[in-house]
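Take a moment to look at the chain before reading on. We will walk through one part of its fold together, step by step.

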Amino acid sequence: MITAAECKTYAEFVEKYQWYVYPVLSARISRIHGLGSRAEVAIDMGTGPGHLTAYLARDHADVVHAVDVNPAMHEIARATCERLDPPGKVFFDLADVHDLPYPDGHADLVVSYSCFHHWADPVRGLEECLRVLRPGGLLYLTDTDGARRDAGSIIKETVVEPEYFRFVAEAFEESVDRSAVAALVQSAGVSEFTLRDFVLEEEDVMAAIDDFPPGRPLPAVSEKELGAVSWELVIRKTR
């Protein structure tokens, strides 16, 4: 578990280099997965600094559970949600993905961004996410592709601060290859799922553009240089 000071540094990294990801993810969930009406309950599995939690509470669910094992990260997430002031109610739950405190079928939507590589037992984590999901509910995960460690040298040209780049480097080092993700999902008892490259779609960016600070450009490293460095996993629970 990282220290409170490291949590603060990570939050600074997100604010400088990943600020655009969260509104785009929210737009992507709405577009691709057809969540036209607000869900009752969503879970942000690994809330981190809290940006995705805030967008879930704004765009998708009346109640959002912000799950993290680190109380220092919860303090940052709480401040983020207070600043963005979403209409949905947010609970900050100190919990572990391997043993979630929710009953079966508790949530309509479970989302996790860049947290899968921290799970000690990914199969158990997937099983728990699916257990707390209602039939018809959606599980959406995205994380770094461990096979793309070569991209680190290109990203380092943009993320020049060593204290920030360490989070990029650790994500590549700790993440598994996309092919291994498919095997883990199958080991969790799931036969029908979608696993593909995660890239920024123009339609999602345009849908989220009103949330971008005026005049602030997207980071200099483009997908044309890198290709896809992350994957996204979509599971619709059938029963």
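What follows is a short tour of two helices and three strands.

First, a word on what you are looking at: this is a predicted model, where local features need pLDDT of at least 70, side-chain atom pairs count only at pLDDT 80 or more, and totals for chains, interfaces and linings use all residues. Residues are numbered from 1 along each chain as its sequence is written, and side-chain values use heavy atoms, leaving out hydrogens and water. The score pLDDT is the predictor's confidence in each residue, from 0 to 100. For the protein chain the mean is 92, with 97% of residues at 70 or more. Among its elements, helix α5 (residues 122–131) has the highest mean, 98, and helix α10 (residues 223–226) the lowest, 61. Where pLDDT is low, the predicted coordinates should not be read in detail.

The names come from DSSP runs, numbered from the N terminus: helices are H or I runs of at least four residues, and strands are E runs of at least two. Let us begin with strand β2 (61–68). Six of its eight residues are buried, so β2 is largely enclosed by the rest of the structure. Here buried means under 20% relative accessible area, exposed means over 50%, and partly exposed lies in between (1.4 Å probe, protein chains only).

On one side, β2 pairs with strand β1 (residues 39–45) in the parallel sense, over six bridges; two strands pair if DSSP finds at least two bridges between them. Val 64 in β2 stands opposite Ala 42. To get from β1 to β2, the chain passes through α3 in a right-handed β-α-β crossover. Right-handed means that, with the strands pointing away from the viewer, the path from the first strand over the helix to the second runs clockwise. Helix α3 is itself mostly covered, with seven of its nine residues buried, including Leu 52, Tyr 55 and Leu 56.

Strand β2 also pairs with β3 in the parallel sense over six bridges, and Ala 66 has Phe 92 in β3 as its bridge partner. This time the chain crosses through α4, again in a right-handed β-α-β crossover.

Now follow helix α4 (residues 71–84) itself. At its N-terminal end, Asn 70 acts as a cap, with a side-chain oxygen 3.0 Å from the backbone nitrogen of Ala 72. Among the buried residues of α4 are Met 73, Ile 76 and Thr 80. The buried residues of this helix pack against α1, α3, β2 and β3. Just after α4, Asp 85 takes a positive phi of about 50°.

Terms used: Contact means heavy atoms within 4.5 Å. A polar contact is a pair of N or O atoms within 3.5 Å; within protein, one must be able to donate a hydrogen and the other to accept it, and residues adjacent in sequence count only if both atoms are side-chain atoms.
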